Amino acid sequence: MPKVNVKRKSTAIDMTAMSDVTVLLLTFFMLTSTFIEPEPVQISAPSSVSEIKIPEANVLDILVEKNGRIFMGIDGPAIRVAMLRDMAEEYGYEFTDQELANFQASDYFGVPISQMKALLDMPFDKQTEVMVNQGTGIPIDTTSNASNEFKSWVKAARKANRDVRIAIKAAYDTPYSEIHKIMTSLQDIRENRYNLITTLKSVSGDF
């Protein structure tokens with residue numbers, strides 16, 4: 001009986017289609033992803049069982065350290081510039097185009113308006129270091145600063161973006177007196193709706 005020769009086929013797999021799909025997926029995720037900007041200070045927020053999520057856009061972030069120092073951040077370069085221009089007009093300062101550009105690129109800020117020019121004139125990689133290690137935060141104590149720059153910044157943010165939402169992230173060991181200053185200041189300018197950022201606490205199903 002003659003031997004049957006089985007035709008051998010190549011075992012190579014054409015990966016062209018797979019490579020195309022991989023590149024398309026990678027491009028999709030790169031274009032649709034939202035990158036979280038690093039906060040200037042690490043704050044351990046208190047825990048809660050609330051699962052309400054803060055939106056990713058149109059948010060004025062207010063960071064409060066345990067010693068009461070306040071930092072702010074808001075998305076949108078044009079909004080940040082509009083806020084600084086409004087503050088400059090209110091407090092009688094002038095900022096150069098370069099200083100406005102530097103502020104536009106800053107994610108967070110936390111110095112008195114009187115120190116803002118000096119901060120923005122520094123190299124960008126030094127600004128956060130100086131602000132965190134040497135800064136006093138945004139003034140809010142009405143006994144030492146009757147104008148209360150914290151309220152002015154919030155009003156400037158509302159003026160620049162009517163849809164902005166206020167989110168407060170305070171350390172779990174921040175004294176209540178410091179939180180009370182913030183809440184009172186917001187009430188003074190009729191900002192009665194805001195979110196408190198917390199970490200999600202796991203809850204046992206057994207009661």
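Trainee: Okay, what do the buried residues of α3 pack against?
Mentor: They pack against α2, β4, α4, α5 (124–134) and α6 (149–160). Packing here goes by contact, meaning heavy atoms within 4.5 Å. Buried means under 20% relative accessible area, exposed means over 50%, and partly exposed is in between (1.4 Å probe, protein chains only). The helices (H or I, at least four residues) and strands (E, at least two) are DSSP runs, numbered from the N terminus.

Trainee: Anything I should know about the model itself?
Mentor: It's a predicted model, where local features need pLDDT of at least 70 and side-chain atom pairs count only at pLDDT 80 or more, while totals for chains, interfaces and linings use all residues. Residues are numbered from 1 along each chain as its sequence is written, and side-chain values use heavy atoms, with hydrogens and water left out.

Trainee: Back to α3, then. Which of its residues are buried?
Mentor: E99, L100, N102 and F103. They sit on the same side of α3, because they cover an arc of only 160° around the axis. That arc is taken from the directions from the helix axis to the C-beta atoms.

Trainee: And what's exposed on the other side?
Mentor: D97 and Q98 are exposed there.

Trainee: E99 is a charged one. What does its side chain meet?
Mentor: E99 meets K117 in a salt bridge, at 2.9 Å from N to O. The pair links distant parts of the chain, with K117 in helix α4 (residues 116–120) and E99 in helix α3 (residues 97–104), 18 residues apart. A salt bridge needs a side-chain nitrogen of Lys or Arg within 4 Å of a carboxyl oxygen of Asp or Glu.

Trainee: Are those two buried or exposed?
Mentor: A bit of a mix. E99 counts as buried at 3% relative accessibility, while K117 is partly exposed at 28%.

Trainee: How many salt bridges are there in the whole structure?
Mentor: The search finds 7. Another of them joins R69 and E65 at 2.6 Å, N to O, and both of those residues are buried. There's also E178 with K181, whose closest N and O atoms are 3.7 Å apart. Those two are 3 residues apart in helix α7 (residues 176–188), so about one helical turn separates them.

Trainee: Changing topic: how do β2 and β3 pair?
Mentor: Strand β2 (residues 59–64) and β3 run antiparallel, with 5 bridges. Strands count as paired if DSSP finds at least two bridges between them. One bridge puts L63 opposite F71 in β3. The two strands make a hairpin with 5 residues between them, and G68 in the turn has a positive phi of about 95°.

Trainee: Does β3 have another neighbour, and which strand is it?
Mentor: Strand β4 (residues 108–109) is joined to β3 by 2 bridges, also antiparallel. There, G73 has Y108 as its bridge partner.

Trainee: Which β3 residues are on which face?
Mentor: I70, M72 and I74 are on one side, F71 and G73 on the other, and all are buried. In a regular strand, side chains alternate between the two faces of the sheet.

Trainee: Last one: which residues touch the most others in the largest nonpolar core?
Mentor: Of its 40 residues, those are L60, I62, M72, L84, M116, F150 and W153. Helix α2 (residues 77–91) gives the most to this core, with 6 residues. A nonpolar core is a set of buried Ala, Val, Leu, Ile, Met, Phe, Trp, Tyr and Cys residues joined through side-chain atoms within 4.5 Å. Leaving aside neighbours within four places in sequence, L84 is in contact with F95, L100, F103, I113, M116, L120 and W153.
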